[in-house]
Amino acid sequence: MVIFQLIQKFQLRGAEMFAAQLSQYIESKEHKVFLISLFPASADLPFLGEKISLNRPVSKRFFDYQGWKNLAKLIEKHNPEVIQCNAGDTLKFAVLSKKIFGWKQPIVARNASMVSLYIKNPFTKILNQWLYNNVDFVASVSENSKKDLNTLFPKTKDKTTVIPVGIEIYKPKSVEWQGGQNAQKHIIHVGGFSFEKNHEGLLSIFKKLLENNPNIHLHLLGEGPKRVAIQQLAIDMKLTDSITFYGWISNPMDYICKADVLVLPSIIEGLPGVILEAMISKIPVVAYSVGGVSEVVQNDTTGYLVEKNDEEAFVVALEKVLTNDNQELIQAAYNLVNEEYTNASIAKQFEQMYHQLRH
């Protein structure tokens with residue numbers, strides 16, 4: 001098979017990383033994959049096959065006739081069996097290209113979040129409904145993501161399945177903390193500085209935790225539009241001595257493996273790969289119960305699950321993690337991810353789906 005994987009751009013973000021890793025596994029099964037980005041960027045994604053950048057200007061993301069035409073030309077040239085859209089503008093880009101230029105290949109939409117939480121007005125809902133009506137299959141990252149999409153757009157029910165995100169088995173390298181070297185316990189958060197990740201809430205939780213646990217340190221790995229504002233908030237809250245901002249890090253797993261606990265107080269998630277990475281690294285997780293998080297973090301069994309925005313309960317859960325012997329929980333979490341969420345097993349599910357679409 002020849003498969004097109006569309007991504008927003010060559011960046012080290014969750015959706016693009018997974019698409020690249022998936023593409024690598026699919027190619028290892030003797031298929032041909034083209035990893036195609038819409039917008040300019042140059043991050044080195046973990047895919048050894050053919051990468052193509054359409055280099056479309058972001059200013060034309062809502063109307064890009066030439067870009068849609070360029071994609072149609074690539075489809076005519078390489079004749080792929082499947083076009084998979086991986087978040088961002090990729091679904092809109094592919095559907096409009098198909099409608100205008102009439103190519104026939106099936107479109108797979110990868111639903112990696114909770115679509116309803118991004119619908120802010122009737123026009124956005126109508127547009128997204130039209131887009132999903134014009135795809136052939138939807139791979140939702142979790143049962144909750146699937147239910148959310150099917151409730152919002154009932155016509156997607158018969159063409160949606162759950163294929164979760166996968167992770168790589170990784171052997172960590174030795175690294176040193178960039179701050180808090182004398183702390184007794186280390187808390188880590190990995191994620192872009194966007195509203196979904198709720199860094200404001202995380203700082204509030206951390207300040208409460210510090211009251212009875214002064215010898216702890218918070219490590220924030222990631223970049224994003226809200227980073228400057230969150231750094232200023234940390235200054236205003238007098239937390240700078242207990243927090244280190246790392247910015248973008250190419251090897252976050254090395255730091256995850258050093259931590260005592262990974263936290264994820266997000267208000268919107270699909271199924272975040274960073275939770276799976278912590279679990280396979282035998283690091284306990286405390287997270288809000290949003291999206292598909294509860295499908296892997298089972299309270300007091302594979303992690304600590306907290307109702308969204310309950311900061312007091314989050315603090316209690318963190319105190320339990322930092323004082324308890326978590327070995328049984330850690331092992332159960334490791335076993336779950338190792339058995340069900342590696343990229344090797346997830347890629348097989350995508351491959352089976354592609355074969356079904358051909359017939």
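Is Arg56 buried or exposed, and what is its relative accessible area? Arg56 is buried, with a relative accessible area of 11%; buried denotes under 20% relative accessible area, exposed over 50%, and partly exposed the range in between (1.4 Å probe, protein chains only). The views below show a predicted model, in which local features need pLDDT of at least 70, side-chain atom pairs count only at pLDDT 80 or more, and totals for chains, interfaces and linings use all residues. Residues are numbered from 1 along each chain as its sequence is written, and side-chain values use heavy atoms, with hydrogens and water left out.

**View 1. Surroundings of Arg56 in the loop between strand 3 and helix 2.** The loop that holds Arg56 runs between strand 3 (50-53) and helix 2 (65-78). Helices (H or I, at least four residues) and strands (E, at least two) are DSSP runs, numbered from the N terminus. Beyond residues up to four places away in sequence, Arg56 touches Leu38, Phe39, Pro40, Asp64, Gln66, Gly67, Asn70 and Phe93. Contact means heavy atoms within 4.5 Å.

**View 2. The salt bridges of Arg13 with Glu16 and of Lys32 with Glu50.** A salt bridge is a side-chain nitrogen of Lys or Arg within 4 Å of a carboxyl oxygen of Asp or Glu; the whole structure has 11 salt bridges. In the pair Arg13 and Glu16, the closest N and O atoms are 2.9 Å apart. Arg13 is partly exposed at 37% relative accessible area, whereas Glu16 is buried at 0%. Lys32 and Glu50 meet through their side chains at 3.6 Å, N to O. Lys32 lies in strand 2 (residues 32-39) and Glu50 in strand 3, so this pair ties together parts that are 18 residues apart in sequence. Lys32 is partly exposed at 31% relative accessibility, and Glu50 is partly exposed with a relative accessible area of 35%.

**View 3. The salt-bridge network of Arg61, Asp89 and Lys92.** Within this network, Arg61 and Asp89 form a salt bridge whose closest N and O atoms are 2.9 Å apart. Arg61 lies in the loop between strand 3 and helix 2, and Asp89 in the loop between strand 4 (82-86) and helix 3 (90-101), so the pair ties together parts that are 28 residues apart in sequence. Arg61 is partly exposed, with a relative accessible area of 33%, whereas Asp89 is buried at 5%.

**View 4. Two surface patches, one nonpolar and one negative.** Patches are made of residues with over 30% relative accessible area and no salt bridge; like charges are joined within 9 Å, and nonpolar side chains (Val, Leu, Ile, Met, Phe, Trp, Tyr) within 5 Å. Accessible areas come from the Shrake-Rupley method with a 1.4 Å probe, and for residues only the protein chains shown count as cover. Phe63, Tyr65 and Ile100 form the nonpolar patch, with about 330 Å² of accessible area together. Phe63 is placed in the loop between strand 3 and helix 2 and is exposed, with a relative accessible area of 59%. The negative patch consists of Glu211, Glu307, Asp310 and Glu312. Asp310 lies in the loop between strand 13 (304-306) and helix 10 (311-323) and is partly exposed at 33% relative accessibility.

**View 5. His217 in strand 9 and Gln184 in the loop between strand 7 and strand 8.** His217, in strand 9 (residues 216-221), is buried at 4% relative accessibility. Leaving aside neighbours within four places in sequence, the contacts of His217 include Gly179, Lys185, His186, Phe206, Asp241 and Thr244. The C-alpha atoms of His217 and Thr160 are separated by 42 Å, with their positions 57 residues apart along the chain. Gln184, in the loop between strand 7 (160-162) and strand 8 (185-190), is exposed at 59% relative accessible area. Gln184 touches Asn215 and Asp260, not counting residues up to four places away in sequence. Gln184 and Leu322 are 138 residues apart in sequence and 9.9 Å apart in space, C-alpha to C-alpha.

**View 6. Positive phi at Asn198 and Lys282.** Most residues other than glycine have a negative phi. Asn198 has a positive phi near 60 degrees; this residue lies in the loop between strand 8 and helix 6 (199-210) and is buried at 12% relative accessibility. Lys282 also has a positive phi, of about 60 degrees, although it is not a glycine. Lys282 lies in the loop between helix 9 (273-280) and strand 12 (285-288) and is partly exposed at 38% relative accessibility.

Conventions
Lys, Arg positive; Asp, Glu negative; His and termini not counted. Charge placed at Lys NZ, Arg CZ, Asp CG, Glu CD.
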